[in-house]
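Work through the exercises below with the sequence and the coordinates open. Each task is followed by a solution in steps.

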Amino acid sequence: QFERLDASFGDVLINDGKGNFKWVGTNQSGILQRGDIKDMVEISAKNGKYLLLLQNNEYPVLYKVNR
């Protein structure tokens, strides 16, 4: 039997706006988050951009975007 195959710890799919996605692994994304991410929001601030990750029954997690 196989375990669940629908989760990872930080893989990201980048949408180019045309329905094509580019996979970015944990090492490149810098995101190492356990649990089921329910929503992710990009926040723009004076000192840069951030990603806010929301999970059920957990505190929100904020990552600074480095481009």
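The exercises concern a predicted model and go from the chain as a whole to single residues.

**Exercise 1. Secondary structure**

Determine how many helices and strands the protein chain has, and which pattern they follow along the sequence.

Solution.
- Step 1. The protein chain contains 1 helix and 5 strands.
- Step 2. Read along the sequence, these elements give the pattern β-β-α-β-β-β.
- Step 3. For the chain's burial, take the 67 residues of the protein chain: 16% of them count as buried.

**Exercise 2. The hairpin**

Describe how β1 and β2 pair, and find the turn residue with a positive phi.

Solution.
- Step 1. The pairing of β1 with β2 is antiparallel and runs over 4 bridges.
- Step 2. As one register point, L13 has W23 in β2 as its bridge partner.
- Step 3. The two strands, β1 and β2, make a hairpin with 5 residues between them.
- Step 4. In the turn, G17 has a positive phi of about 85°.

**Exercise 3. The open sheet**

Give the strand order of the open sheet of 3 strands, and explain why β3 and β5 each have one side without a neighbour in the sheet.

Solution.
- Step 1. The order is β3-β4-β5, and the pairing is antiparallel.
- Step 2. β3 (37-45) and β5 (61-64) are at the edges with a single partner strand each, so one side of each lacks a neighbour in the sheet.
- Step 3. From one strand to the next, the twist averages 25°.
- Step 4. β3 pairs with β4 (residues 48-55) in the antiparallel sense over 8 bridges.
- Step 5. Within this pairing, V41 stands opposite L52 in β4.

**Exercise 4. The largest pocket**

State the volume of the largest pocket, and work out which elements and residue classes make up its lining.

Solution.
- Step 1. The volume of the largest pocket is about 550 Å³.
- Step 2. Its lining has 17 residues, and V12, I14, S29, L51 and V65 lie nearest the centre.
- Step 3. At least two lining residues come from each of β1 (12-15), β2 (21-24), α1 (26-29), β3 and β5.
- Step 4. β1 gives the most, with 3 residues.
- Step 5. By class, the lining of the largest pocket has 9 nonpolar, 4 polar and 4 charged residues.

**Exercise 5. Q33 and its polar contacts**

Locate Q33, decide whether Q33 is buried or exposed, and list the side chains it contacts.

Solution.
- Step 1. Q33 is found in the loop between α1 and β3.
- Step 2. The cut-off for buried is under 20% relative accessible area. Q33 has 15% relative accessibility and therefore counts as buried.
- Step 3. The side chain of Q33 makes a polar contact of 2.8 Å with that of Q55.
- Step 4. A polar contact of 3.2 Å links the side chains of Q33 and Y63.
- Step 5. For the partner Q55, the location is strand β4. With a relative accessible area of 12%, Q55 is buried.

**Exercise 6. A positive phi outside glycine**

Find where N57 lies, and classify N57 as buried or exposed.

Solution.
- Step 1. N57 sits in the loop between β4 and β5.
- Step 2. The phi of N57 is near 55°, a positive value in a residue other than glycine.
- Step 3. For comparison, most residues other than glycine have a negative phi.
- Step 4. Exposed requires over 50% relative accessible area. The relative accessible area of N57 is 80%, so N57 is exposed.

**Exercise 7. An intermediate case**

Classify the accessibility of I43, and give the C-alpha separation of I43 and Y63.

Solution.
- Step 1. I43 belongs to strand β3.
- Step 2. The class between buried (under 20%) and exposed (over 50%) is partly exposed. I43 has a relative accessible area of 33% and is therefore partly exposed.
- Step 3. I43 and Y63 are 20 residues apart along the chain, and their C-alpha atoms are separated by 10.0 Å.

Definitions and conventions: Residues are numbered from 1 along each chain as its sequence is written. This is a predicted model: local features need pLDDT of at least 70, side-chain atom pairs count only at pLDDT 80 or more; totals for chains, interfaces and linings use all residues. Side-chain values use heavy atoms; hydrogens and water are left out. Two strands pair if DSSP finds at least two bridges between them. Axes are lines fitted to C-alpha atoms, for helices over the stretch in contact, and angles run from 0 to 180 degrees between N-to-C directions. On a 1 Å grid over the protein atoms alone, a cavity is a set of points where a 1.4 Å probe fits but cannot get out, and a pocket is an open set with protein on both sides within 12 Å along at least five of seven lines; lining residues have an atom within 4 Å of a point. Grid points are joined across faces, edges and corners, and a volume is the space filled by probe spheres set on the points. Ala, Val, Leu, Ile, Met, Phe, Trp, Tyr, Cys and Pro count as nonpolar, Asp, Glu, Lys and Arg as charged, and the others, Gly among them, as polar. Buried means under 20% relative accessible area, exposed over 50%, partly exposed in between (1.4 Å probe, protein chains only). A polar contact is a pair of N or O atoms within 3.5 Å; within protein, one must be able to donate a hydrogen and the other to accept it, and residues adjacent in sequence count only if both atoms are side-chain atoms.
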